[in-house]
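Reader: I'd like a close look at a single part of this model, namely how its helices sit against its strands. Could you start with one helix and work outwards from there?

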Amino acid sequence: AGVLYIVATPIGNLDDLSTRAVKTLAMVDLIAAEDTRHSGRLLQHLGLHKPMMALHDHNERDQHSRILAELGAGRSVALISDAGTPLISDPGFILVREARVQGFQVSPIPGACALVAALSASGLPTDRFQFIGFLPAKGSGRRSVLESLQAETSTLVLYESPHRITNTIADVIAVMGAGRELVLGRELTKAFETFYCGTAEHVLAELQQDPHGSRGEFVVMIHGATPEPDSEQTTLETDRLLTILLTELP
Ligand code: SAM
């Protein structure tokens with residue numbers, strides 16, 4: 001049977017396409033792309049001419065079986081999205097899930113991913129983080145998701161579009177407080193790559209002052225909640241009592 005390759009493509013800088021990704025794209029029989037016109041330009045740039053098909057959120061439910069049939073017939077397929085790693089806030093979940101159910105080999109060709117790139121250079125704790133993807137478009141939905149994450153202690157990572165970025169930060173301030181530490185990664189790997197760091201209030205002000213501020217693509221990273229000093233105090237007190245008890249016990 002054919003192999004399904006999940007191939008990461010650049011998130012801005014074309015040099016971020018790995019040698020292995022190029023070899024894989026050159027070797028497969030078919031390339032399934034989120035947007036065939038957009039990806040067609042990448043293939044043209046690489047000098048590759050390959051059969052392509054569209055696999056996006058609106059047709060994945062119908063089209064994934066066509067790809068499975070190709071794999072069944074012994075042909076290999078590469079899945080790519082417009083930018084970065086497929087399935088990370090991008091199509092492909094139904095296809096990969098079903099390919100695994102049917103026992104096909106699914107192999108990742110790793111590369112750029114905005115979430116990992118942003119986090120790695122953010123200066124925020126990376127030992128534990130939660131990826132939220134895109135928040136709901138409506139203000140009320142957005143705030144209720146943020147409320148549910150308000151007490152989360154791991155770093156939070158979100159994707160956001162340029163026309164909602166200032167509203168989202170305003171909502172972070174409303175729900176998590178103006179003093180919550182925030183890092184924004186904007187236009188990563190591109191000419192106007194910028195990191196905005198500081199309290200949520202400070203980051204919002206900087207963004208509003210920057211004439212290019214709300215243009216481009218953003219990863220929003222929020223420092224996790226600091227555990228209540230109370231609960232820490234309680235743990236210390238419990239430890240102290242336990243130590244006393246242990247020494248006193250026969
Ligand atoms: N699959 C992609 C990945 O691996 O990162 C993400 C696709 S998602 C539809 C697009 C979102 O990713 C953008 O709205 C933005 O939040 C983020 N993003 C993509 N490229 C970026 C870049 N160069 N700089 C900052 N954020 C980026």
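**A helix across a sheet**

Author: Happily! Helix H3 (residues 60–72) lies across strand S1 (4–7), S2, S3 and S4, and runs at about 145° to S4. Before we go further, please note that this is a predicted model: local features need pLDDT of at least 70 and side-chain atom pairs count only at pLDDT 80 or more, while totals for chains, interfaces and linings use all residues. Residue numbers start from 1 along each chain as its sequence is written.

A few terms will help. Helices (H or I, at least four residues) and strands (E, at least two) are DSSP runs numbered from the N terminus. A contact between two residues is scored if their C-beta atoms, placed from the backbone, lie within 7 Å. Axes are lines fitted to C-alpha atoms, for helices over the stretch in contact, and angles run from 0 to 180 degrees between N-to-C directions.

Helix H2 (residues 36–46) also lies across S2, S3 and S4, running at about 150° to S3. The strands beneath belong to an open sheet of 5 strands in the order S3-S2-S4-S1-S5, with parallel pairing; two strands pair if DSSP finds at least two bridges between them. At the edges are strand S3 (52–54) and strand S5 (106–109), each pairing on one side only. From one strand to the next, the twist averages 25°. Within this sheet, strand S2 (residues 30–33) and strand S4 (residues 77–80) pair in the parallel sense over 4 bridges, with Ala33 standing opposite Ile80 in S4.

After S4, the loop that leads to helix H4 (93–101) holds Ser89. Phi of Ser89 is near 55°, a positive value in a residue other than glycine. Most residues other than glycine have a negative phi. A residue counts as buried if 20 or more other C-beta atoms lie within 10 Å of its own, exposed if 12 or fewer, and partly exposed in between, with C-beta atoms placed from the backbone. Ser89 has 16 C-beta neighbours inside 10 Å, so it counts as partly exposed.

Now to another sheet, where a helix packs too. Here 5 strands form an open sheet in the order S6-S7-S10-S8-S9, and the pairing is mixed. Strand S6 (129–134) and strand S9 (194–199) stand at the edges with a single partner strand each, so one side of each is left without a neighbour in the sheet. The twist averages 15° from one strand to the next. Helix H8 (residues 200–209) packs on the sheet, touching S8 and S9, and its direction makes about 140° with that of S9.

In H8, Ala200, Val203 and Leu204 are buried. Seen down the axis of H8, these buried residues fall within an arc of 100°, so they line one face of the helix; the arc is that of the directions from the helix axis to the C-beta atoms. An α-helix has 3.6 residues a turn, so residues three or four places apart point the same way. The buried residues of H8 pack against helix H7 (165–176), S8 and S9.

What do the strands look like under H8? S8 is mostly covered, with 5 of its 6 residues buried. Strand S8 (residues 181–186) runs antiparallel to S9 and is joined to it by 6 bridges; Leu182 has Gly198 as its bridge partner in S9, and Glu181 stands opposite Thr199. Another 5 bridges join S8 to S10, also antiparallel, and there Leu182 is partnered by Ile222. Glu187, in the loop between S8 and S9, has a positive phi of about 55° although it is not a glycine. With 17 C-beta neighbours inside 10 Å, Glu187 counts as partly exposed, which means it falls between the buried and exposed classes.

At the other end of this sheet's order, S6 and S7 run parallel and are joined by 5 bridges, one pair being Gly133 with Leu158 in S7. S7 is mostly covered as well: 5 of its 6 residues are buried.

Finally, follow the chain out of H8. Ser214 is found in the loop between H8 and S10, and with 19 C-beta neighbours inside 10 Å it counts as partly exposed. Leaving aside its neighbours within four places in sequence, Ser214 is in contact with Pro162, Ile165, Thr166 and Leu207.
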